[in-house]
Structure formats: structure tokens, C-alpha cells
Amino acid sequence: MQYTYLGRTGLQVSRITLGAMNFGELTNEADSFKIMDEAIDQGINFFDTADVYGGPQSPDMEKGFGTSEEIIGRWLAQGGLRDKIILATKVYQPMDTGVNDRRLSAYHIKRACEASLKRLKTEALLQIG
């Protein structure tokens, strides 16, 4: 696997990133676990998800938000895996119908980060720089 630096963080990430957009919606949990295991085996250490991944992308549709993060969180909870990956998630899209449940206000970013950390079963953000 080839690696590159992530900006000026000093972190080295695989040039191939595992995108988890389909975890939950199109890829069940067992298959998602197999995909993540294989990614680690192949040297992929950069995983990408978002708070809205894993279900319908519209708040008026059936709930599915956060499912991708929840699956990754359960995979990480197996132990010894969190330090093997650089995990990226995103905020912005609506997570509910409230006017502050979207976009990039400080309020929404803080709440979205707290909720993502809970779903990912990860206690703290890694602050670099």
C-alpha cells in the first residue's frame, strides 16, 4: 500500500480510502465488517463516513441516519482496531427537520460531533496542530 501525508498533520494515510457511504443502506453489517477487515489486511488505514450515511438522505424519509457510523462503531468495539485507522466523518446535511439541525453553525457542528463520537464508540476527537 502506498501512503501519503494528510495535509500538515504528520499523519500518514493510505492513498486508497475506504468509503463507508453504503454501510447500512446497501451493505449489511456482516458484509461491512468483512470489508473493513479486508481493508486493514490490505493496508488501508483511512476510513471515510458521514453522519447521514447509511440511510435515506432526507429527514422526511424513513430514519437511517448515522447507520454507517454505528456499524463502524460496533466494528471498532471489537477492540484493538481504533489505533489502526484514521477515521474521517462529516457534518452539514440535515439530520432532522429543525432549522439548526443542518449546515455549519457552531451549534450544529458541536452537536453533530458529539453524536458522531457516540455512534462511532470513540470518546474524543484527535486534535492535531
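1. Helix α2, residues 67-76, is largely enclosed by the rest of the structure, because eight of its 10 residues are buried. The buried positions are T67, S68, E69, I71, I72, G73, W75 and L76. The cover over these residues includes two other helices, α1 (29-41) and α3, as well as the strands β4 and β5. The model is a predicted one, and the remarks below should be read with that in mind.

2. On the overall architecture: the protein chain contains three helices and five strands. Read from the N terminus, the elements follow the order β-β-β-α-β-α-β-α. Helix α2 is thus to be placed within this alternating part of the order, β-α-β-α-β-α, with which the chain's list of elements ends.

3. On burial and contacts: of the 129 residues in the protein chain, 37% are buried. Among contacts with a separation of 6 or more, 58% join residues 24 or more positions apart. The chain exposes about 8,000 Å², and carbon and sulfur atoms supply 51% of that area.

4. On the sheet: strands β3, β4 and β5 form an open sheet, in the order β3-β4-β5, with parallel pairing. The edges are taken by β3 (18-19) and β5 (86-88); each has a single partner strand, so one side of each is left without a neighbour in the sheet. In general, the strands of a sheet pair through backbone hydrogen bonds, in either a parallel or an antiparallel manner.

5. On the pairing of β3 with β4: strand β4 covers residues 46-48, and its parallel pairing with β3 runs over two bridges. Which residue of β4 is the bridge partner of L18? The partner is F47. Strand β4 also belongs to the cover of the buried residues of α2, as does the edge strand β5.

6. On the second largest pocket: the space in this pocket comes to about 220 Å³. Its lining consists of 12 residues, and those nearest the centre are M95, D101, R111, A112 and A115. By class, six of the lining residues are charged, four are nonpolar and two are polar. Two of the residues nearest the centre, D101 and A115, are taken up separately in the next two points.

7. On D101: this residue is in the loop that runs between β5 and α3 (106-119). Is D101 buried or exposed? Its relative accessibility is 18%, so D101 counts as buried, the cut-off being under 20%. D101 and A112 are 11 residues apart along the chain, and their C-alpha atoms are separated by 8.5 Å. Both residues are among those nearest the centre of the second largest pocket.

8. On A115: this residue is part of helix α3. With a relative accessibility of 28%, A115 counts as partly exposed. The C-alpha atoms of A115 and G66 are separated by 8.8 Å, although the two residues are 49 positions apart along the chain. Helix α3, which holds A115, is also one of the elements covering the buried residues of α2.

9. On K121: this residue lies in the segment after α3. K121 has a positive phi of about 55 degrees, although it is not a glycine. At 51% relative accessibility K121 counts as exposed, since the cut-off for that class is over 50%.

Terms used:
Residues are numbered from 1 along each chain as its sequence is written. This is a predicted model: local features need pLDDT of at least 70, side-chain atom pairs count only at pLDDT 80 or more; totals for chains, interfaces and linings use all residues. Side-chain values use heavy atoms; hydrogens and water are left out. Two strands pair if DSSP finds at least two bridges between them. Helices (H or I, at least four residues) and strands (E, at least two) are DSSP runs, numbered from the N terminus. On a 1 Å grid over the protein atoms alone, a cavity is a set of points where a 1.4 Å probe fits but cannot get out, and a pocket is an open set with protein on both sides within 12 Å along at least five of seven lines; lining residues have an atom within 4 Å of a point. Grid points are joined across faces, edges and corners, and a volume is the space filled by probe spheres set on the points. Ala, Val, Leu, Ile, Met, Phe, Trp, Tyr, Cys and Pro count as nonpolar, Asp, Glu, Lys and Arg as charged, and the others, Gly among them, as polar. Buried means under 20% relative accessible area, exposed over 50%, partly exposed in between (1.4 Å probe, protein chains only). Contact means heavy atoms within 4.5 Å. Accessible areas come from the Shrake-Rupley method with a 1.4 Å probe; for residues, only the protein chains shown count as cover.
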